[in-house]
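Hello,

Here is the structure you asked to look at, sequence and coordinates together. My notes on it follow below.

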Amino acid sequence: MAEKMQALVNRGNEVVMKTYSRFPIALDHGEGMYVWDMEGKKYIDFVAGIAVNSLGYGHSALSSVIAEQAVKMIHCSNLYYTEPQIALAELLVKHSDFDKVFFCNSGAESIESALKIARKYAKMKQKAGNEIITMLHSFHGRTYGAVTATGQEKYHKGLSPLLPDVCHVPFNDFEALKNAVTEKTCAILLEPIQGEGGILPAEKEYLQKIRKLCDEKDILLIFDEVQCGVGRTGKLFAYQYYGVVPDVATFAKGLAGGVPIGAMMAKDFVAEAFQPGDHASTFGGNSLATAAGVVVMKELFENGLLENVNKNGAYLTQQLQKLQQNHSCITAVRGIGFMQGIALNIPTGDVISLCMEKGLLLVGAGYDVVRFVPPLIAEQKHIDEMIAILEEALTLCENKA
Ligand SMILES: Cc1ncc(COP(=O)(O)O)c(C=O)c1O
């Protein structure tokens, strides 16, 4: 590796905590679907900051709105009203089935808000208990509530005691869920498409049955759309793709095109459970992030971004399935729109590293999946370019295996 980049990697290893296994490259700038490292090497990016950079890099409308807002006002407290925050909330309400938004700064925080409002709701309704059921193989974030909700033991190690009264059941298994529900259950939380767990979409009938169960038993249904929301499925929310409306939804990642933001939305009957003082966030809904969020919403609804995901998401599926026909190491092609994955029977790490060498950024999910979560602006030519590199890497890795 060139000296300048290696020096930065070394400096980073000295001073930044090792919570990530990082690739030994330093990215410097981007344009559209591409990023460049410090040494000037170009990569086509199908990671997008892990499903964050919805408008790609250097988007002119996004960067000018951020620059203008930075001059005008970056932040003011939620003690006051601001135009960008209200404008983003109005757009989210208009394009969803929810009545109210709570803004925060990340996916984990949006989950914390959902867990808290679920328990506040149970208390308000004088329900028998405050138990929350979530799914095995789920991922909801790293704060204590979110990591407790996460149904993967590896993330729980060394952290006990976790939040009480949270249990996990197998995903896409309605009987197991039904059997776990008691009179103390106040909420069910799930990702409509499990992301970190390995790109596993829920079955439509499963979600429909859960909705019915929740209605019968006055249990809140919460969808974690942090990864699958904000246009990834070709709809604003994945629940709209499935046609099953939850009571609460959380999202984050792509909403402000890379500026940190998170949000939890709810119907009025749930939102009532939060009264002044019950929950808060200093930075949540700040002017800069929400102004950026308005640009993303406009791109999705007014400038054809959702149509692009629908059209090119279908093309991505088609191309991945074609690749599967020629490569027996691909055991499954899964996902919706621009949230897809291929399961492999060869080490995913080798494939991802080789793709990086060849100028393609990809990220894994679960233990055997290579994930595709590109910027929502990806076109057919970008998918073709990605597939060509991936095919070369798969061929080399298969021959080695
Ligand atoms: C479904 C889901 N929920 C929650 C989170 C946590 O989000 P954050 O890392 O912004 O806290 C993630 C992050 O990958 C996620 O995929």
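In this predicted model, an open sheet is built from 4 strands, which run in the order β13-β14-β17-β16 with antiparallel pairing. At its edges lie β13 (330-336) and β16 (363-365), each of which pairs on one side only. Between neighbouring strands of the sheet the average turn is 30°, with direction ignored. In general, the strands of a sheet are paired through backbone hydrogen bonds, in a parallel or an antiparallel manner.

The pairing of β16 can be described further. Its partner is β17 (residues 369-372), and the two are joined in the antiparallel sense by 3 bridges. One residue pair can be named: Ala365 has Val369 in β17 as its bridge partner.

Two helices go with this sheet. Helix α13 (residues 348-357) packs on the sheet and touches β14, β16 and β17. The direction of α13 makes about 40° with that of β17. Helix α12 (residues 305-326) lies across β13, β14 (339-344) and β17. Relative to β13, helix α12 runs at about 175°.

The other item is the ligand. Which residues are the closest to the ligand? They are Gly107, Ala108, Gly141, Val226 and Gln227, out of 14 that surround the ligand. Sorted by class, this shell holds 6 polar, 5 nonpolar and 3 charged residues. Helix α5 (residues 107-124) gives the most to the shell, namely 3 residues.

Regards

Terms used
Residues numbered from 1 in each chain as written. Predicted model: local features only at pLDDT ≥ 70, side-chain atom pairs only at ≥ 80, totals over all residues. Pairing = 2+ DSSP bridges. Axes fitted to C-alpha atoms, helices over the stretch in contact; angles between N-to-C directions. Contact = placed C-beta atoms within 7 Å. Near = placed C-beta within 6 Å. Nonpolar A, V, L, I, M, F, W, Y, C, P; charged D, E, K, R; others polar.
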